[in-house]
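Please work through the exercises below with the sequence and the coordinates at hand. Each task is followed by a solution in steps.

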Amino acid sequence: LLEAGYGAVELVDPADPKFIERMASEAYDVAFIALHGKGGEDGMTQHVLEFLGIPYTGSSPLASGIAMDKDLSKLLYARAGLPIAPGITFGRDDMPSIEEIVAIVGPQSFVKPVVNGSSYGISLVKDPSELAAAIELAFEHGEKVMVEHRVFGVECSVAALGDGETLRALPVVEIMMPKQSEFYDLEVKYADPSDIHRIPAQLPEDVYAQVQDIACRAHNALGLFGISRTDVIVTEDGPIILETNNIPGMTPESLVPDEARHAGIEFCDLCAELVELAFARAAR
């Protein structure tokens with residue numbers, strides 16, 4: 001932000017007991033949100049900033065909460081005609097039997113907390129005998145659990161950037177999974193991007209365009225704003241959407257800055273566009 005010419009004042013941590021007092025007492029022009037998980041990505045901080053009248057980057061409280069909820073997101077994807085994998089969502093009180101789950105998702109699946117981020121609590125299940133332990137782990141990270149059919153194919157990720165007529169997809173990243181990893185977990189997310197990111201993804205031209213279109217349609221279906229990143233598996237029968245991140249990672253190893261670089265957008269310019277979008281929304 002400093003490099004882009006903004007007078008970035010300070011880092012403010014919502015974990016600080018005086019967070020709201022500080023935000024209310026200072027004359028902040030805009031808040032650049034760089035938070036993940038509960039309290040930061042789910043709309044809570046956005047609610048606080050709206051109450052205080054401070055413009056902020058990224059999506060509204062409602063859209064943030066919906067995007068954070070994998071079950072609600074899938075409902076809106078389906079309504080928008082986006083391709084999704086078979087799955088089932090439940091809490092402890094309405095948990096189906098293992099046999100019922102397998103009948104819906106098949107013998108191999110992914111088990112994940114419905115509301116969480118950064119791959120916490122996610123398990124790859126290769127046999128129904130592993131389901132019970134995976135479900136229990138997911139419950140440690142949330143009150144609702146989703147079990148989803150394991151989709152095989154090329155794992156890709158693509159960001160949607162902008163608003164309205166300016167919304168466009170960045171280059172598609174192909175995730176080159178290391179041999180020791182079977183899915184895009186925490187360890188892979190923070191690995192050297194040169195080892196695992198292939199940009200542009202090696203996809204047929206029409207499929208590449210389809211994946212970019214899915215990212216923009218998912219962004220709009222969830223009511224997101226500014227920036228999002230959608231993960232997709234390209235199967236033999238076509239792309240399947242996995243999920244959309246409403247506050248994508250912005251570390252040097254993260255996907256979105258890497259995509260932006262390949263689109264000719266420097267990191268400081270990417271940050272500047274998000275700030276200007278926040279100002280424009282506040283002005284409206």
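The exercises that follow concern a predicted model.

**Exercise 1. Aromatic pairing**

Task: Determine how many aromatic pairs the whole structure holds, and classify the geometry of the rings of F90 and F139.

Solution.
- Step 1. Searching the whole structure yields 1 aromatic pair.
- Step 2. The ring centres of F90 and F139 are 6.3 Å apart, and the planes of these rings stand at 65 degrees. Centres must lie within 6.5 Å for rings to pair, and planes over 60 degrees apart count as edge-to-face. The pair of F90 and F139 is therefore edge-to-face.
- Step 3. F90 belongs to strand β1 (residues 87–91) and F139 to helix α6 (residues 131–139), so that the pair links distant parts of the chain, 49 residues apart.
- Step 4. As for their environment, F90 and F139 are both buried.

**Exercise 2. A charge over a ring**

Task: Identify the residue that lies over the face of Y56, and give its distance from the ring centre.

Solution.
- Step 1. The residue over the face of Y56 is R281.
- Step 2. R281 is placed at 4.7 Å from the ring centre.

**Exercise 3. The largest pocket**

Task: Describe the largest pocket by its volume, its lining and the classes of the lining residues.

Solution.
- Step 1. The volume of the largest pocket is about 970 Å³.
- Step 2. Its lining consists of 36 residues, and L1, E10, A31, F32 and I33 are the ones nearest the centre of the pocket.
- Step 3. At least two lining residues come from each of α1 (19–25), α2 (44–52) and α11 (267–283). With 3 residues, α11 gives the most to this lining.
- Step 4. Sorted by class, the lining comprises 25 nonpolar, 8 polar and 3 charged residues.

**Exercise 4. The largest nonpolar core**

Task: State which members of the largest nonpolar core touch the most other members, and which element gives the most to this core.

Solution.
- Step 1. The largest nonpolar core has 25 residues; V172, L203, V211 and V234 touch the most other members.
- Step 2. Each of α3 (61–68), β5 (154–162), α9 (205–221) and β9 (226–235) supplies at least two residues of this core.
- Step 3. The element that gives the most is α9, with 7 residues.

**Exercise 5. A cis peptide bond**

Task: Locate P200 and describe the peptide bond that joins I199 and P200.

Solution.
- Step 1. P200 lies in the loop between β8 (197–198) and α9.
- Step 2. Omega for the bond between I199 and P200 is about -5 degrees, and the bond is cis.
- Step 3. For context, most peptide bonds are trans.

**Exercise 6. Accessibility and separation**

Task: Decide whether I54, E205, F279 and E136 are buried, partly exposed or exposed, and relate each to a second residue through the C-alpha atoms. The cut-offs needed are under 20% relative accessible area for buried and over 50% for exposed, with partly exposed in between.

Solution.
- Step 1. I54 sits in the loop between α2 and α3. Its relative accessible area is 6%, so I54 is buried. The C-alpha atoms of I54 and E148 are 38 Å apart, with their positions 94 residues apart along the chain.
- Step 2. E205 is part of helix α9. Its relative accessibility is 73%, and therefore E205 counts as exposed. E205 and E130 are 75 residues apart along the chain, and their C-alpha atoms are separated by 38 Å.
- Step 3. F279 is part of helix α11. A relative accessible area of 31% makes F279 partly exposed. F279 and V30 are 249 residues apart in sequence but 7.5 Å apart in space, C-alpha to C-alpha.
- Step 4. E136 is part of helix α6. At a relative accessible area of 38%, E136 is partly exposed. E136 and I88, 48 residues apart in sequence, are 15 Å apart in space, C-alpha to C-alpha.

Key: Residues are numbered from 1 along each chain as its sequence is written. This is a predicted model: local features need pLDDT of at least 70, side-chain atom pairs count only at pLDDT 80 or more; totals for chains, interfaces and linings use all residues. Side-chain values use heavy atoms; hydrogens and water are left out. Rings of Phe, Tyr and Trp (its six-membered ring) pair if their centres lie within 6.5 Å; planes under 30 degrees apart count as stacked, over 60 as edge-to-face and the rest as tilted. Helices (H or I, at least four residues) and strands (E, at least two) are DSSP runs, numbered from the N terminus. Buried means under 20% relative accessible area, exposed over 50%, partly exposed in between (1.4 Å probe, protein chains only). A charge sits over a ring if NZ of Lys or CZ of Arg is within 6 Å of the ring centre and within 35 degrees of the ring normal. On a 1 Å grid over the protein atoms alone, a cavity is a set of points where a 1.4 Å probe fits but cannot get out, and a pocket is an open set with protein on both sides within 12 Å along at least five of seven lines; lining residues have an atom within 4 Å of a point. Grid points are joined across faces, edges and corners, and a volume is the space filled by probe spheres set on the points. Ala, Val, Leu, Ile, Met, Phe, Trp, Tyr, Cys and Pro count as nonpolar, Asp, Glu, Lys and Arg as charged, and the others, Gly among them, as polar. A nonpolar core is a set of buried Ala, Val, Leu, Ile, Met, Phe, Trp, Tyr and Cys residues joined through side-chain atoms within 4.5 Å.
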